[in-house]
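Trainee: I should like to go through this model with you, point by point. Please give the criterion behind each assignment as we proceed.

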Amino acid sequence: LLLPGGRKFDMRVWVLVDAEYKIFVHREGVLRTTSVPFSLAADKMDDPFVHLSNHCIQTKCPSYGQYEPTNEMFFAEFREHLDGEYEGRDVLDGVVVPQVRSIVAATMAAAKDQMKNMDGNPYKSFNVFGYDFMVDTDLKVSLIEINSSPAVAGVDSSSCCSSRTTASFRHTARCCWFPCQLPQFCHCMWA
């Protein structure tokens with residue numbers, strides 16, 4: 001799947017895991033976009049501006065920010081783009097996000113034994129992970145990688161999660177994070 005201008009992107013979604021191993025997927029995500037059109041031409045195969053959407057690479061491209069400020073598209077804009085491309089179908093929330101949540105649940109189920117709190121530990125903590133995905137032309141979502149120390153892009157100021165409009169962390173948790181249930185029979189997913 002390519003964005004306007006024929007450009008590649010990856011999709012960053014944040015996942016919070018608390019001390020009781022409750023998993024929450026942030027309602028917002030961000031697409032990190034390339035600055036130039038995608039191409040498989042031989043002379044473009046080594047061009048990082050064509051193939052890599054990492055922010056630290058794209059900031060060096062002369063056309064950085066031409067399509068989106070900071071080469072980032074948040075879910076609201078992505079939703080509009082998909083609705084236009086797919087004739088008003090609820091593609092982001094009805095097709096893409098459910099796959100994201102399923103992948104998050106499967107990967108967290110697979111890692112659960114490695115991520116437990118130590119018995120007797122008096123501290124209760126949480127982790128935020130950055131999940132990076134790609135979406136193909138058939139709207140199939142694939143996991144690229146999981147980051148344990150993800151960058152957090154600015155949130156659209158109209159969002160309920162804006163620091164200007166959020167009264168407390170509890171409110172932020174209620175309005176910005178979807179609970180994600182671990183699958184009961186995880187072995188079926190890899191069979």
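Trainee: How many aromatic pairs does the count come to?

Mentor: This is a predicted model, in which local features need pLDDT of at least 70, side-chain atom pairs count only at pLDDT 80 or more, and totals for chains, interfaces and linings use all residues. Residues are numbered from 1 along each chain as its sequence is written, and side-chain values use heavy atoms, with hydrogens and water left out. Rings of Phe, Tyr and Trp (its six-membered ring) pair if their centres lie within 6.5 Å; planes under 30 degrees apart count as stacked, over 60 as edge-to-face and the rest as tilted. By this rule, the number of aromatic pairs is two.

Trainee: How are the rings of Tyr-131 and Phe-133 arranged?

Mentor: A pair of aromatic rings is described by the distance of the centres and the angle of the planes. For Tyr-131 and Phe-133 the centres are 5.9 Å apart and the planes stand at 20 degrees, so the arrangement is stacked.

Trainee: Is Tyr-131 buried or exposed?

Mentor: Buried means under 20% relative accessible area, exposed over 50%, and partly exposed in between (1.4 Å probe, protein chains only). The relative accessible area of Phe-133 is 0%, so Phe-133 is buried. Tyr-131 has a relative accessible area of 0% and is therefore buried.

Trainee: What pattern does the protein follow along the sequence?

Mentor: Helices (H or I, at least four residues) and strands (E, at least two) are DSSP runs, numbered from the N terminus. The secondary structure comes to six helices and six strands. Read along the sequence, the pattern is β-β-α-α-β-α-α-β-β-α-β-α.

Trainee: How is α3 oriented with respect to α4?

Mentor: Two packed helices are described by the angle between their axes and the distance between the axes. Axes are lines fitted to C-alpha atoms, for helices over the stretch in contact, and angles run from 0 to 180 degrees between N-to-C directions. Helix α3 (residues 75-85) and helix α4 (residues 91-111) pack at about 105 degrees, with their axes 9 Å apart. Since angles under 35 degrees count as roughly parallel, over 145 as roughly antiparallel, 65 to 115 as roughly perpendicular and the rest as oblique, α3 is roughly perpendicular to α4.

Trainee: How do the residues of the contact of α3 with α4 divide into nonpolar, polar and charged?

Mentor: Contact means heavy atoms within 4.5 Å. On the α3 side are Phe-75, Phe-78, Arg-79, Leu-82 and Asp-83, which meet Val-91, Leu-92, Asp-93 and Val-97 of α4. Ala, Val, Leu, Ile, Met, Phe, Trp, Tyr, Cys and Pro count as nonpolar, Asp, Glu, Lys and Arg as charged, and the others, Gly among them, as polar. The division is six nonpolar, no polar and three charged.

Trainee: Which residues does Leu-139 touch, not counting those up to four places away in sequence?

Mentor: Leu-139 is found in the loop between β4 (127-135) and β5 (141-147), and its relative accessibility of 6% means that Leu-139 counts as buried. Leu-139 and Val-91 are 48 residues apart in sequence, yet 8.3 Å apart in space, C-alpha to C-alpha. Under the stated exclusion, the residues touched are Leu-1, Tyr-86, Arg-89, Val-91, Val-95 and Gln-99.

Trainee: What is the phi of Thr-70?

Mentor: Thr-70 lies in the loop between α2 (55-58) and β3 (72-74), and at 37% relative accessibility Thr-70 counts as partly exposed. Leu-139 is not a glycine and has a positive phi of about 65 degrees. Thr-70 is not a glycine either, and its positive phi is about 60 degrees.

Trainee: How many disulfides does a search of the whole structure find?

Mentor: Cys-56 counts as exposed at 52% relative accessibility, whereas Cys-61 counts as buried at 6%. A disulfide is a pair of cysteine sulfur atoms within 2.5 Å. For the whole structure, the number found is zero.

Trainee: How far apart in space are Lys-112 and Tyr-21?

Mentor: Lys-112 has its place in the loop between α4 and β4, and its relative accessible area of 32% makes Lys-112 partly exposed. Lys-112 and Tyr-21 are 91 residues apart in sequence; the spatial separation, C-alpha to C-alpha, is 7.9 Å.
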